[in-house]
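Student: Could you pick one part of this model and go through it slowly with me? I work at the bench, so please explain the terms as you use them.

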Amino acid sequence: MSKKTPQPEGHERAALVSVQQRKPTSGDALAELEQLSSSAGYVLAGELSCVRARPDAATYIGSGKLEELGELVSASSADTIIFDNTLSPIQQRNLEKALGKPVIDRTGLILEIFARRAQSAEGKMQVELARLEHLATRLVRGWTHLERQAGGIGVRGGPGEKQIELDRRMLDDKIKMLRVRLGKLGRQRSTQRRSRGRTGAFRVALVGYTNAGKSTLFNALTKSRIYAADQLFATLDTTTRKLFLAPQVNVTLSDTVGFIRDLPHTLIEAFKATLEDTLQADLLLHVVDASSPMLHEQMDEVHAVLAEIGADDIPQFLIYNKSDLLPQNLQVTNDHTASEGMDGRASIARFAVSALTGEGVADLKHALLDAVLADPRFRSAAQILSNTTHLSA
Ligand SMILES: Nc1nc2c(ncn2[C@@H]2O[C@H](COP(=O)(O)OP(=O)(O)OP(=O)(O)O)[C@@H](O)[C@H]2O)c(=O)[nH]1
Ligand SMILES: [Mg+2]
């Protein structure tokens, strides 16, 4: 069992592979994998994509494509092969044997990025927990595989079984310990949150697909300088700041981890604690990259994760960010009147902004203030504000 997530040191070269069930209708399947792998520090060596109705049980891509991949790997001197698809432990092992290089899949890659980015002690623990849980599922399956090799059902003591048993027990112990420690941190956080709750701040949380521009918008709204970059998962830890909209109006804004298609389940589990901040929000700003060709897929993915963590009934503002990248005829029109969502879930108001140039940000702030003042907790502030507006009018 390897103790550390393998991490590309210098400029490790990666060959990317994507297998689609049918011919893609929109977007480039490899584009996101390219971004993911460069966010993990890999240099692109080569790419292979193919269409296959059903994965091959032994190698996922089948023998013909495997040969082609082998040629690509040696011609491009790739050090690692990265699959966009989820590989079974057996497929991964067979591919590694045939290619003579390490092979990882999308989940493994995302775990690598998370391991590199985690900053806080809690974030590190969450990533470690996700990694161990991922490993644990693979050990179990690997074990049944070895058992079969050793002589069929019921026959004990196959090669490697003892070692795997030991590894398993160590894994289980470590997983348990991490869960206990994370549970403790979670309880501390909920105490902090309760005390924050008592101060009665209106809580706004930014959510959205990774790289949509959440941190950039956070900086534009709060005049902060938190890390924003053209990388996937630039943000892993939640940051919360005060957001000034008007005197007497106490609002906090939180920046959160980005979502992605097929976010490994172990990661959703591990990050639930962090995402709870999202759950406690009075209003979500769902930031989308309006210039992305995968815009609708990305929005659907975010809605799916919000539903999974139980945050889909929180009112949302839909923020079409990066409006500066859109041609004039494709500009999104603002719709500040929160109308009922399509399936009657939550009300959604629509805004076009550019977090980079600041365009539309002032409008968004006004709408935020209106939303806060509509909350009964802020009735007296609303009164004071409307009096001052009357006076100044
Ligand atoms: N052109 C343009 N680029 C933007 C805009 N907003 C953000 N970006 C760029 O998009 C990239 C991602 O921005 P971030 O703010 O880090 O995105 P994020 O949603 O926080 O991403 P994660 O933390 O990785 O989930 C950066 O290179 C930003 O400079 C915008 O309005 N226009
Ligand atoms: Mg960010």
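Tutor: Happily; we will look closely at one strand, and then at some other places in the chain.

Residues are numbered from 1 along each chain as its sequence is written, while chains are lettered from A and ligands numbered from 1 in the order in which they are written. Please keep in mind that this is a predicted model, where local features need pLDDT of at least 70, side-chain atom pairs count only at pLDDT 80 or more, and totals for chains, interfaces and linings use all residues.

Our part is strand β8, residues 283-289. Helices (H or I, at least four residues) and strands (E, at least two) are DSSP runs, numbered from the N terminus. In β8, 7 of the 7 residues are buried. A residue counts as buried if 20 or more other C-beta atoms lie within 10 Å of its own, as exposed if 12 or fewer do, and as partly exposed in between, with C-beta atoms placed from the backbone. In a regular strand the side chains alternate between the two faces of the sheet. Here, Leu 283, Leu 285, Val 287 and Asp 289 point one way, and Leu 284, His 286 and Val 288 point the other. Both sets are buried.

What does β8 pair with? Two strands pair if DSSP finds at least two bridges between them. Strand β5 (residues 202-208) pairs with β8 in the parallel sense over 5 bridges, and Val 207 has His 286 of β8 as its bridge partner. Strand β9 (residues 316-321) also runs parallel to β8, joined by 6 bridges; there, Val 287 is partnered with Ile 319 of β9.

Burial also picks out one side of helix α1 (residues 29-39), where Glu 32, Leu 33, Leu 36, Ser 37 and Ser 39 are buried. These residues line one face of the helix, because they fall within an arc of 160 degrees when seen down the axis of α1; the arc is that of the directions from the helix axis to the C-beta atoms. The buried residues of α1 pack against β1 (13-20), β3 (80-83) and α4 (106-117).

Loops can have buried residues too. Leu 245 sits in the loop between β6 and β7, and is buried because it has 21 other C-beta atoms within 10 Å. Two residues are in contact if their C-beta atoms, placed from the backbone, lie within 7 Å. Beyond neighbours within four places in sequence, the contacts of Leu 245 are Val 251, Lys 365, Leu 368, Leu 369 and Val 372. Leu 368 is 123 residues from Leu 245 along the chain, yet their C-alpha atoms are separated by 7.9 Å. In the loop that holds Leu 245 we also find Gln 248, which is exposed, with 12 other C-beta atoms within 10 Å. Gln 248 has a positive phi near 70 degrees, although it is not a glycine.

Finally, how far can you lean on the model? The protein chain averages a pLDDT (the predictor's confidence in each residue, from 0 to 100) of 81, and 79% of the residues score at least 70. Over residues 141-159 the pLDDT is below 50, as it also is over residues 340-346. Where pLDDT is low, the predicted coordinates should not be read in detail.
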